[in-house]
Amino acid sequence: MTLKQEVERRRTFAIISHPDAGKTTLTEKLLLYGGAIREAGSVKARRAQHHAVSDWMEIEKQRGISVTSSVMQFDYDGYRINILDTPGHQDFSEDTYRTLVAADSAVMLIDGARGVEAQTIKLFQVCKRRGIPIFTFVNKMDRASKSPFDLMAELEEVLGIRSCPITWPIGTDGDFKGVYHRDIHQLEVFDGSVNDHGSTKLESIKGSVEDENLREFLGEDYHDRLVDEIELLDVAGDPFDLEKVRSGELTPLFFGSAMNNFGVESFLEKFLKMTTPPLSRHSDDGEISPYDERFSGFIFKIQANMNPAHRDRIAFMRICSGKFEKGMEVRHMRLQKNIKLTQPQQFMAQDRDVAEEAWPGDIIGLFDPGIFALGDTLLTGSERFHFEGIPVFAPEHFARVTPEDSIKRKQFVKGVTQLCLEGAIQSFKRLDIGMEEIIVGVVGALQFEVLQHRLKHEYGVDIRLNVLPYRMVRWVKGTDSLDGLNLTSSTLRAQDGDGRLVLLFENEWSVDWAVKNNEGIELTTITDRD
Ligand code: GDP
């Protein structure tokens, strides 16, 4: 196949959701349709146990196995699909945010009874910032759920996105009858009794809404209500507009039950048609089209200790243009040298395999002897460019970190620097005192344990970690110096690892104070890596 054909059949997306909304279940059903796995339960079994686990070592141990699912590739109906998996544990949510940078679209999974939840809001904002298409699947419709109109209002009020229902649920009080497909005027009937928790594919029964049988089937009450609601949507709702969907302004809305395999395949089919093939990527030399024959890609995630048996580190590269071939020589732009990509790994649903070739939209795992950093650009050809940096997200936990034994300071600094490059932690330096003191910031508190463990085992340094009271960091724009700012006494002036000015706050109140009392400055929660 040609480059054009390979690009056009690719779909690379991530599923975003709050824990427990059903992401693992949905992923599994998608893989099932793609024939990538044979029975349900196989993803779950390999999966790091989420949220309840407080011991990251346990997570890591399991990750050694579950990591093959970092990216899941499978074929469906002529498409080559890459699902980017994201850590279930919210303490590793920074990893999730970064993974979204490699996706061309997102499926937002919502629990019908719970609506939009905290973690969904954060993940949504990262997607929105990139303007990628977002598709909403409301799950667990087999149980009582919020009214679909309320859910639409919630999407608009909480997330600021308008939605266009493609399917519409019938019976939302635990009396779920199925969904009506507005585009093809058909009813997909739910029969909760036919399945054994969806471990096999369930055929859906379809029938037109005009069909007399349908009224008979649903009964007058349900049918009347459906007709009224569909009319209301047709008159007052947003019309479907593919342009708006693709620019992330309108989210197509679907309802179903992942566990019961209901509404999943019809969702997949429509989603694949509506979403985009790999998109162009911004670089300092303009847009790089996936159809560009020159190979290029960037590193969006680095994962250490994937295999506990021998310490290894894998850098995940998203291919942006051209054809990738095993053993090819590429230019490492940051290091300004050529390197050979000899043992690239490709991640299938259940195994990792050596990648002989890959195309834009695909993700390749590269063994990393310590030469890769987040955002690194790799390319071939005579022109040189860097892809736009991977955003840096505001940490929420801070600690002063020092080596137990000051003789080990050199290894300590080396380790901290490496972990910063990998994006496992962020480092800050206070501006008010001359001392070389390292403050480490992390998005999830478990990352402190990762820091402690890795410095000890990889760099032979025991560290002392004093947790600081700060809860927020904001990057400061609109001034060259923090000296003259009017701030609360608990606010700390500092700079991040790349020398950008930041303020560390203990509470919202201090953030508000800084905003109100310092005209002309702007405080941001996300910044771009250089
Ligand atoms: P994750 O944390 O988002 O990966 O969620 P899981 O896929 O592990 O699902 C969380 C729980 O919700 C599990 O007990 C699932 O069996 C259940 N679940 C998932 N989908 C559905 C569904 O469609 N209906 C119902 N009733 N439960 C579901």
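**Helix α6**

I began with the exposed side of helix α6 in this predicted model, and there I found A118 and I121, both of them exposed. I then went through the rest of the helix, residues 118–130, for burial, and noted T120, L123, F124, V126 and C127 as buried. These buried residues cover an arc of only 160° around the axis, so they lie on the same side of α6, with A118 and I121 on the other side. I also looked at the backbone just beyond the helix, where G131 takes a positive phi of about 70°.

**The sheet from β25 to β32**

Next I traced an open sheet of eight strands, whose order I wrote down as β28-β25-β27-β26-β30-β31-β29-β32, with antiparallel pairing. Which strands stand at the edges? They are β28 (463–468) and β32 (522–524), and because each has a single partner strand, one side of each is left without a neighbour in the sheet. I entered the twist as an average of 40° from one strand to the next.

**Pairing of β25 and β27, and helix α12**

Within this sheet I looked more closely at strand β25, residues 397–403, which runs antiparallel to strand β27, residues 438–442, and is joined to it by five bridges. For a reference point along this pair I noted F398, which stands opposite G441 in β27. I then followed helix α12, residues 409–422, and found that it packs on the sheet, where it touches β25 and β27 as well as β26 (426–430). The direction of α12 makes about 120° with that of β26.

Definitions and conventions. Residues are numbered from 1 along each chain as its sequence is written. This is a predicted model: local features need pLDDT of at least 70, side-chain atom pairs count only at pLDDT 80 or more; totals for chains, interfaces and linings use all residues. A residue is buried if 20 or more other C-beta atoms lie within 10 Å of its own, exposed if 12 or fewer, and partly exposed in between; C-beta atoms are placed from the backbone. Helices (H or I, at least four residues) and strands (E, at least two) are DSSP runs, numbered from the N terminus. The arc is that of the directions from the helix axis to the C-beta atoms. Two strands pair if DSSP finds at least two bridges between them. Axes are lines fitted to C-alpha atoms, for helices over the stretch in contact, and angles run from 0 to 180 degrees between N-to-C directions. Two residues are in contact if their C-beta atoms, placed from the backbone, lie within 7 Å.
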